[in-house]
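Colleague: I am new to this structure and would like to go through it slowly, with the reasoning spelled out at each step. Could you show it to me before we begin?

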Amino acid sequence: MFTRDEFIVYVYCLIVQYYQRLFPTPLRHAGYPPKFSDEEALTLEIVGEYLSLETDQQIYRYFRKHYQDWFPTMPDRTTLVRQWQHLWRVKQVIWQAIVRDSGSWADPVQIIDTLPVPVCHPKRARHRAIFLDDLLAQPSYGYCPAKDWHYFGMKGGLRIAASSGMIVAAPLLPASPHDHELLDSLLLDVPASTTVYGDKGFIDLDEQMRLAEQWGIMVKTPLKSNMHDRPSFRLDTRGNSLRRLIETVNGQLTDRFHVQALRVRKGWTLFAKWYRKILTHTLCVFTNLKYGQPPTQLERLVCD
């Protein structure tokens, strides 16, 4: 749909629109404003994510080599990476604004899941020098039954709109609790009377009944082989087909956006990279919806 150059211009214009609307007053209250604007910095990392450039260094080198004349005030890599990190909250706010503008946050059918977000190998965790007494994130040992994978890090929560595949909620959660213990975090601000589909990890009859009685939120899951039938909370045929949608989103975050290879040492860096990837995915889905394309077919956005 776009050439690569057109996509860069499109992303920049969209980011400028949201940034100036959401942050009409300067974010910095001391010192000189950066020569390289926040809108330019955000454009580089979003386009770099879309192009599946895995590291900050790769993104920097790509734009320094191919688009230096487009971004003549681009700073050195260390300064640019620090600017990206400081903008983690901005990325989160812009992502949520796009979700609101699209209407996906109020989708009557939504799907939940989690995926591992490791920060280091489990064997290195005990002797690590990262995330010590970090105020934003405290990684822990987790287990992914789908892959039979033990890891050390966080758990990425996902709630997506069934009509579009847009990510409407993406909290970073502790890795150690079982998924059903994280329902409250995943369903925060979900509209009343929403139907939510999840996998077997979210089975918690007491909590499912409470959500249904208090808010009309129906959390439907598959049944385990030793469970009595519960028609109200049983995953139906539609839910089985919709589960494939969140598997597609999970695969895109893992394979295209490398969410399980973040290379971070601090909580705010983790949040900055996590929300960079969530924002990029959301912006791509939003653009596909805007131009009448299949929303989760991200590869169609750029034709070269």
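## Rings, pockets and cysteines

Modeller: With a relative accessibility of 10%, F2 counts as buried. Please keep in mind throughout that this is a predicted model.

Colleague: How are the rings of F2 and Y291 arranged: stacked or edge-to-face?

Modeller: A search of the whole structure finds 18 aromatic pairs. In the pair of F2 and Y291 the ring centres are 5.8 Å apart and the planes stand at 85°, and since planes over 60 degrees apart fall in that class, the arrangement of F2 and Y291 is edge-to-face.

Colleague: How many residues apart are F2 and Y291 along the chain?

Modeller: F2 lies in the segment before α1 (4-22), whereas Y291 lies in the segment after α10 (267-290). Y291 is partly exposed, with a relative accessible area of 40%, while F2 counts as buried at 10%. The pair therefore links distant parts of the chain, and the separation is 289 residues.

Colleague: Which residues do ring pairs link into a cluster?

Modeller: One pair to begin with is that of Y67 and W70, which is edge-to-face, with 5.1 Å from centre to centre and 75° between the planes. Y67 counts as buried at 7% relative accessibility, whereas W70 counts as partly exposed at 34%. Y67 and W70 belong to a cluster linked by ring pairs, and its members are F36, Y62, F63, Y67, W70 and F71.

Colleague: Turning to helix α2, how many of its residues are buried?

Modeller: Helix α2 covers residues 38-50 and reaches 18 Å from its first C-alpha to its last, close to the 18 Å expected at 1.5 Å a residue. After α2 comes S52, whose phi is positive, near 65°. As for cover, α2 is mostly covered, and the buried count is 13 of its 13 residues.

Colleague: Which residues lie nearest the centre of the largest pocket?

Modeller: About 600 Å³ of space lies in the largest pocket, and its lining has 9 nonpolar, 8 polar and 7 charged residues. At least two lining residues come from each of β1 (109-120), β2 (140-144), β3 (149-161) and α9 (237-256). Of the 24 residues that line this pocket, those nearest its centre are D113, T114, C144, P145 and A146.

Colleague: In the second largest pocket, which element gives the largest share of the lining?

Modeller: The second largest pocket holds about 310 Å³ of space and is lined by 15 residues, with Q96, V168, A169, L188 and D189 nearest its centre. Two elements, α5 (88-102) and β4 (167-169), give two or more residues to that lining. By class the lining has 9 nonpolar, 3 polar and 3 charged residues. The largest share, 5 residues, comes from α5.

Colleague: Why is C13 in no disulfide, and what is the count of disulfides?

Modeller: A disulfide needs two cysteine sulfur atoms within 2.5 Å, and the closest cysteine sulfur to that of C13, in C284, is 16 Å away, which is too far for a bond. C144 is in no disulfide either, with the nearest cysteine sulfur, that of C120, 17 Å away. By this rule the count of disulfides is 0.

Colleague: Is C144 buried or exposed?

Modeller: C144 is among the residues nearest the centre of the largest pocket. Its relative accessibility is 12%, and because buried means under 20%, C144 counts as buried.

Terms used:
Residues numbered from 1 in each chain as written. Predicted model: local features only at pLDDT ≥ 70, side-chain atom pairs only at ≥ 80, totals over all residues. Heavy atoms only, no water. 1 Å grid on protein atoms, 1.4 Å probe; cavity = no way out; pocket = protein on both sides within 12 Å on 5 of 7 lines; lining within 4 Å. Points joined across faces, edges and corners; volume = space filled by probe spheres on them. Helix = DSSP H or I, 4+ residues; strand = E, 2+ residues; numbered from the N terminus. Nonpolar A, V, L, I, M, F, W, Y, C, P; charged D, E, K, R; others polar. Buried < 20%, exposed > 50% of the residue type's maximum accessible area, 1.4 Å probe, protein only. Expected span 1.5 Å × (residues − 1). Phe/Tyr/Trp six-rings, centres within 6.5 Å; stacked < 30°, edge-to-face > 60°.
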